[in-house]
Amino acid sequence: MTYKWDFSFLWNYRHVLAEGLLNTVYLSLTVLACGLVLGAVLAAARISRFATLRAVGSVYVELFRNVPALVLLFWFFYTIPVLTGIQNGRFLTAAVAFSLYSGAYFCEILRGGIQSIDRGQWEASIALGMTFRTVFGSIILPQAIRRTLPALTNEAIEVFKISAVAATIAYPDALYQAKLISDTEYRPVEVYTVIAVLLTAIILVLSGLSYALEYKFSKSN
Amino acid sequence: MSMIAARNIHKSFQSQDVLKGVDLDIGKGETVVLLGASGSGKSTLLRCLNFLEMPTSGEVCLDGKRVGTPDAGGRMRYSETELCQLRQRVGMVFQQFNLFPHLTVEWNVMIAQRKVLGRSEAQARERARYYLEKVGLAEKINEYPARLSGGQQQRVAIARSLAMEPDVMLFDEATSALDPELVGEVLQTMKNLSGEGMTMLIVTHELGFAYNVAHRIVFLHEGTIIEEGTPDEILVHPKSERTKAFLRGHTVFRLPQPEETA
Ligand SMILES: Nc1ncnc2c1ncn2[C@@H]1O[C@H](COP(=O)(O)OP(=O)(O)OP(=O)(O)O)[C@@H](O)[C@H]1O
Ligand SMILES: [Mg+2]
């Protein structure tokens with residue numbers, strides 16, 4: 001087999017590709033931020049002294065961790081309009097579905113970190129007059145994040161990769177733009193190769209940032 | 001009038017009665033040492049005074065004011081706000097230091113001032129430096145706790161409590177986790193504090209320190225105070241057989257002369 005590679009035509013599509021990559025980054029960062037906040041709140045619920053909150057937290061996790069991301073996305077995209085008559089945008093739909101999904105994972109990672117922290121940290125903080133909120137937010141969570149950084153990074157990378165699923169509802173991310181170009185030019189090999197390389201490069205930057213953060217944190221340990 | 005008082009405190013864990021009606025009054029500026037065998041309930045008593053444990057029954061009074069309000073059935077109820085306010089005024093130092101490892105020494109002392117007292121960053125920093133200087137650690141402000149010796153960590157923990165400007169300080173075996181050569185610097189810090197008129201309740205096995213620094217010694221046995229008095233009365237002329245037995249267990253104890261530094 002002698003396939004003749006030719007990337008030159010892609011130059012004409014550089015703006016289309018750039019837009020797709022930007023949309024991917026935009027969606028992923030939004031999901032990352034929302035998922036982390038949601039995960040932290042859920043983790044707080046799961047360690048709460050109130051049984052109701054703990055139950056809400058675990059039901060949530062079991063629900064959203066076990067539904068495939070694609071099913072969740074389709075469910076929000078196709079059933080919400082039927083049930084409520086409201087058709088949300090593709091970005092909003094994908095952002096909500098993936099945030100809910102990744103929130104469950106972030107919650108479990110953070111909860112593991114939180115529970116590994118010595119009881120003495122809670123006691124010293126409470127003895128200083130801090131409320132649960134302050135202890136959690138200023139003392140426990142920052143330490144839990146440091147401890148679970150490798151696992152959090154894994155999940156962040158997962159978020160980037162899952163964001164490509166949004167192409168299935170025609171959110172114009174990198175994959176969707178690639179498909180547009182490929183359908184026009186009939187050259188899927190070059191297009192998907194370039195997209196794969198570019199997405200991997202972005203994720204490598206992300207892991208690089210994570211290692212830098214890990215190094216910075218290591219100085220306090 | 002007493003600065004802090006326990007009135008008929010009972011505490012049980014499941015079926016085990018750990019405190020069986022403890023009454024204790026500590027006057028303003030008084031240094032009281034609490035002695036007792038392992039498992040006698042010393043830590044539990046301290047932890048009831050700042051509500052890290054909820055007493056099963058009985059009352060705690062701070063500066064003449066009772067903490068909590070009894071409900072219709074006579075059980076004490078405590079609001080979150082009330083307990084946080086009480087804890088601001090009752091500092092506690094732990095055997096394991098419990099410094100915040102992710103914060104610098106300075107921020108360890110600043111964080112509660114910022115988050116609990118709402119002090120400005122500048123003011124909190126100024127207070128932190130003042131108290132770190134007081135415990136002799138001014139040059140360590142930018143270090144992380146992991147880089148300090150045990151004795152230094154414990155002194156930071158003391159500064160962290162002092163920065164809240166509490167009315168009472170509780171020490172639960174503050175030197176028990178330290179290498180012998182580091183015990184002195186922490187005891188010296190506590191002694192200075194006592195000399196400045198801080199109201200303190202101290203659990204310690206350092207009997208020499210107790211002899212030199214305590215105004216009063218209280219002996220706890222199986223959840224009850226069975227003897228109390230001046231250091232001389234308790235350590236040199238104990239009346240109770242329990243106290244005598246306890247002191248015999250501390251064979252290394254010898255009375256230091258008052259001019260020896262504790
Ligand atoms: N959270 C808890 N749950 C169950 N039992 C407890 C708890 N805390 C303390 N106890 C029990 O209460 C008793 C008194 O414990 P406490 O820690 O107050 O003793 P102590 O006098 O401080 O002893 P030590 O000198 O060893 O520190 C012990 O029998 C202990 O097992
Ligand atoms: Mg104890």
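A residue is called buried here when its relative accessible area is under 20%, with only the protein chains counted as cover. With that cut-off in hand, the reader can follow this predicted model from the helices of chain A to the ligand held by chain B.

Chain A contains 9 helices and 0 strands, and its order along the sequence is accordingly written α-α-α-α-α-α-α-α-α. The C-alpha trace of this chain extends over about 70 × 50 × 30 Å along its principal axes. Of its 221 residues, 46% fall into the buried class, while the surface that chain A exposes amounts to about 11500 Å², with carbon and sulfur atoms supplying 68% of that area. When contacts in chain A between residues at least 6 apart in sequence are considered, 77% of them join residues at least 24 apart.

Within this chain, helix H6, which covers residues 132–147, deserves a separate look, for it bends by about 40° at Ile140(A). A proline, Pro142(A), follows the bend within four residues. Both Ile140(A) and Pro142(A) belong to the buried residues of H6(A), which also include Thr134(A), Val135(A), Phe136(A), Ser138(A), Ile139(A), Leu141(A), Gln143(A) and Ala144(A). Which helices do the buried residues of H6(A) pack against? In chain A the partners are helix H1 (14–46), helix H4 (90–115) and helix H5 (119–127), and they are joined by helix H3 (105–115) of chain B, so that the packing of these buried residues involves helices of both chains.

Chain B also supplies the surroundings of ligand 1, where the neighbouring residues are Phe13(B), Gln16(B), Val18(B), Glu173(B) and the run formed by Ala37(B), Ser38(B), Gly39(B), Ser40(B), Gly41(B), Lys42(B), Ser43(B) and Thr44(B). By class, this shell divides into 3 nonpolar, 7 polar and 2 charged residues. Three side chains place a polar atom beside an oxygen atom of the ligand: for Gln16(B) the separation is 2.9 Å, for Lys42(B) an N or O atom lies at 2.8 Å, and for Ser43(B) the corresponding distance is 2.7 Å. Ligand 1 taken alone exposes 630 Å², of which the protein buries 63%. Two or more residues of the shell come from each of strand E2 (16–27) and helix H1 (42–49) of chain B, and H1(B) gives the most, with 3 residues.

Definitions and conventions
Residues numbered from 1 in each chain as written. Chains lettered and ligands numbered in written order. Predicted model: local features only at pLDDT ≥ 70, side-chain atom pairs only at ≥ 80, totals over all residues. Heavy atoms only, no water. Near = heavy atom within 4 Å. Polar contact = N/O pair within 3.5 Å; in protein donor to acceptor, adjacent residues only side chain to side chain. Areas by Shrake-Rupley, 256 points an atom, 1.4 Å probe, with all protein chains shown as cover. Nonpolar A, V, L, I, M, F, W, Y, C, P; charged D, E, K, R; others polar. Bend = angle between axes of the 7 residues up to and from the residue. Buried < 20%, exposed > 50% of the residue type's maximum accessible area, 1.4 Å probe, protein only. Contact = heavy atoms within 4.5 Å.
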